[in-house]
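Biologist: Could you take me on a close look at a single residue here, and then show me what lies around that part of the chain? I'd enjoy a connected walk-through.

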Amino acid sequence: MELQQWLFPQRFFRENLKLGEGGEEGRENDIVRETFERTGASVMGKRMFEAGEQGWPEEAPFHTPVFVVTHEKRDPWERPGGTTFHFVNDGIEPALDQAREAARDRDVRIAGGGATILEYVNVGLIDEFSIALSPVLFGSGIRLFDGVDAGRVALDQVRAEPTQRVTHLSYAVRER
Ligand SMILES: NC(=O)c1ccc[n+]([C@@H]2O[C@H](COP(=O)([O-])OP(=O)(O)OC[C@H]3O[C@@H](n4cnc5c(N)ncnc54)[C@H](OP(=O)(O)O)[C@@H]3O)[C@@H](O)[C@H]2O)c1
């Protein structure tokens, strides 16, 4: 949770996760809101979904279709507030195709976790990714880019914005 401490005081995040009213309304809050507003559909791995299934409020915080890449067969799970989780069993590319169609003119966000993001990076299906770099040191844990195909994937920095608590970094992804 330390990694995400910067998020919890943000007004948009608090309201979307039903954590309570009020909160900060500075640049951090704008970045969170802008990310939400540009997203027309999300894709996520099954483990991220499982954590959220326990933790998200009944009105899940996406308010769009969400495509869960998984081996588990399950009917769509519709939540109040516009989020429907669809479970996709035939791999990351069909999940992305369905998400693109659902998102129409907005972006598809590969929400996480790291394993699923990496699958998309390695096959060249990511246009851009963002990192919120937190000032937290870990002695162990999962490396964010463990398993990346560095011979194939190259990055161009498109944004670097320090805010009060973290540094927001965005990279365009291209084939090396
Ligand atoms: N707090 C946050 O905002 C946030 C965001 C993202 C992640 N997280 C955390 O990150 C962790 C999860 O990340 P993770 O990287 O370990 O896992 P992940 O990417 O969320 O999920 C991996 C799982 O998704 C399914 N999957 C992935 N690719 C697939 C494919 N091509 N075909 C079929 N199924 C596929 C498999 O599950 P099955 O075989 O079981 O179907 C796989 O074990 C959790 O602890 C979560 O809480 C937190």
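Modeller: Happy to! Let's start with Thr116, which touches Met44, Gly45, Val69 and Ile110 once residues up to four places away in sequence are set aside. Please keep in mind that this is a predicted model. Thr116 belongs to helix α5. Is Thr116 buried or exposed? Thr116 has 23 other C-beta atoms within 10 Å, and 20 or more are needed to count as buried, so Thr116 is buried. Gly20 makes a useful contrast to those contacts: Gly20 and Thr116 are 96 residues apart along the chain, and 31 Å separates their C-alpha atoms.

The helix that holds Thr116 also leads us to the ligand. Along with β1 (39-45) and α3 (46-55), α5 (114-122) supplies at least two residues of the shell around the ligand. Gly45, one of the contacts of Thr116, is among the residues that come nearest to the ligand, together with Ala51, Gly112, Gly113 and Ala115, out of 18 around the ligand. By character, that shell has eight polar, six nonpolar and four charged residues.

Further along the chain there is an open sheet of three strands, ordered β6-β8-β7 and paired in the antiparallel sense. β6 (128-133) and β7 (153-162) are the edge strands; each has a single partner strand, so one side of each lacks a neighbour in the sheet. From one strand to the next, the twist averages 25 degrees. Six bridges join β6 to β8 (residues 167-175), and Glu128 has Ala172 in β8 as its bridge partner.

Methods. Residues are numbered from 1 along each chain as its sequence is written. This is a predicted model: local features need pLDDT of at least 70, side-chain atom pairs count only at pLDDT 80 or more; totals for chains, interfaces and linings use all residues. A residue is near a molecule or strand if its C-beta atom, placed from the backbone, lies within 6 Å of it. Helices (H or I, at least four residues) and strands (E, at least two) are DSSP runs, numbered from the N terminus. Ala, Val, Leu, Ile, Met, Phe, Trp, Tyr, Cys and Pro count as nonpolar, Asp, Glu, Lys and Arg as charged, and the others, Gly among them, as polar. Two strands pair if DSSP finds at least two bridges between them. Axes are lines fitted to C-alpha atoms, for helices over the stretch in contact, and angles run from 0 to 180 degrees between N-to-C directions. A residue is buried if 20 or more other C-beta atoms lie within 10 Å of its own, exposed if 12 or fewer, and partly exposed in between; C-beta atoms are placed from the backbone. Two residues are in contact if their C-beta atoms, placed from the backbone, lie within 7 Å.
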